[in-house]
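Visitor: Please show me the model, and then let us go through some of its charged pairs and one helix packing.

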Amino acid sequence: MADKYIQRYSAADRAVHWTVAVTFLLLVLTGFGLYEKNLSFLFAIFGGGENAILIHKIAGVVFFFAAMIFSLSHLKDTTHFDDNDAAWIKVMGGYLNKKAKVPPMGKYNTGQKIFGLCVLVTTLVFGLTSLVIWSPANASQGLAQVSFFLHSLCFVVMVAFFVAHIYLGTIGVKDGLRAMTEGRVSEGWAKKYSPKWLEEMKKSGKA
Ligand code: HEM
């Protein structure tokens with residue numbers, strides 16, 4: 001029998017997520033050269049340092065609004081923690097041991113919730129620090145230094161998360177990418193990764 005599919009993301013959700021993904025990639029590629037002189041050869045992709053900085057600024061503004069919209073519209077699902085989350089962390093979501101007993105999760109597992117909240121916090125920090133480092137000459141030296149430090153710290157944290165997120169979103173969680181491309185997941189997928197969410201969807205007649 002053909003698998004049944006359940007809507008997980010609307011077209012608007014997916015458009016915002018793709019905007020976040022594309023702008024983030026541009027920010028990473030342009031940001032590496034700004035972060036570390038030895039990586040400034042990457043500016044060549046954009047036709048030089050000046051262009052790279054301009055693209056970093058434009059992508060940064062678009063990323064800020066898209067990431068805020070995405071984070072805030074999923075806040076209900078990323079901020080609900082209960083005993084199952086402690087149990088999930090204990091077994092590391094079963095990623096390191098396939099035989100581990102992973103507790104049933106809602107729409108997102110504990111790792112996804114932590115990532116979602118991290119996106120919200122780092123986006124806010126990126127936004128606030130950008131206001132200062134956009135033209136650092138207008139700020140005090142201390143404020144500019146703290147802003148550059150926090151901006152770089154969030155950059156390093158988010159690049160590490162991004163690598164893990166892409167891996168899990170493509171290869172690590174089989175068929176998960178369908179949620180991002182088509183906006184739907186199979187009932188079998190939902191049973192395995194989001195059983196409590198599936199129950200809720202069934203109760204509300206959406207599955
Ligand atoms: C090409 C790049 C990307 C791919 C392939 C990708 C893949 C995915 C997939 C498949 C999901 C759905 C997971 C689910 O519903 O269970 C998802 C959700 C999500 N994505 Fe992405 N994503 C990408 C870029 C990004 C970026 C750059 C950010 C933020 C900086 C981001 C933030 C999120 C968040 C907060 C969620 C919801 C919570 C979670 O699943 O972790 N994504 N992504």
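Visitor: Which residues are linked in a network of salt bridges?

Guide: This is a predicted model, in which local features need pLDDT of at least 70 and side-chain atom pairs count only at pLDDT 80 or more, while totals for chains, interfaces and linings use all residues. Residues are numbered from 1 along each chain as its sequence is written, and side-chain values use heavy atoms, with hydrogens and water left out. A salt bridge is a side-chain nitrogen of Lys or Arg within 4 Å of a carboxyl oxygen of Asp or Glu, and the residues that such bridges link in a network are Asp175, Arg178, Glu182 and Arg184.

Visitor: Is glutamate 187, the salt-bridge partner of lysine 202, buried or exposed?

Guide: The closest N and O atoms of lysine 202 and glutamate 187 are 2.6 Å apart. Buried means under 20% relative accessible area, exposed over 50%, and partly exposed in between, with a 1.4 Å probe and protein chains only. Lysine 202, at 39%, is partly exposed, whereas glutamate 187, at 14%, is buried.

Visitor: How many residues apart are lysine 196 and aspartate 82?

Guide: These two side chains form a salt bridge, with their closest N and O atoms 3.4 Å apart. Lysine 196 lies in helix α9 and aspartate 82 in the loop between α3 and α4, helices being DSSP runs (H or I, at least four residues) and strands likewise (E, at least two), numbered from the N terminus. The pair thus links distant parts of the chain, 114 residues apart.
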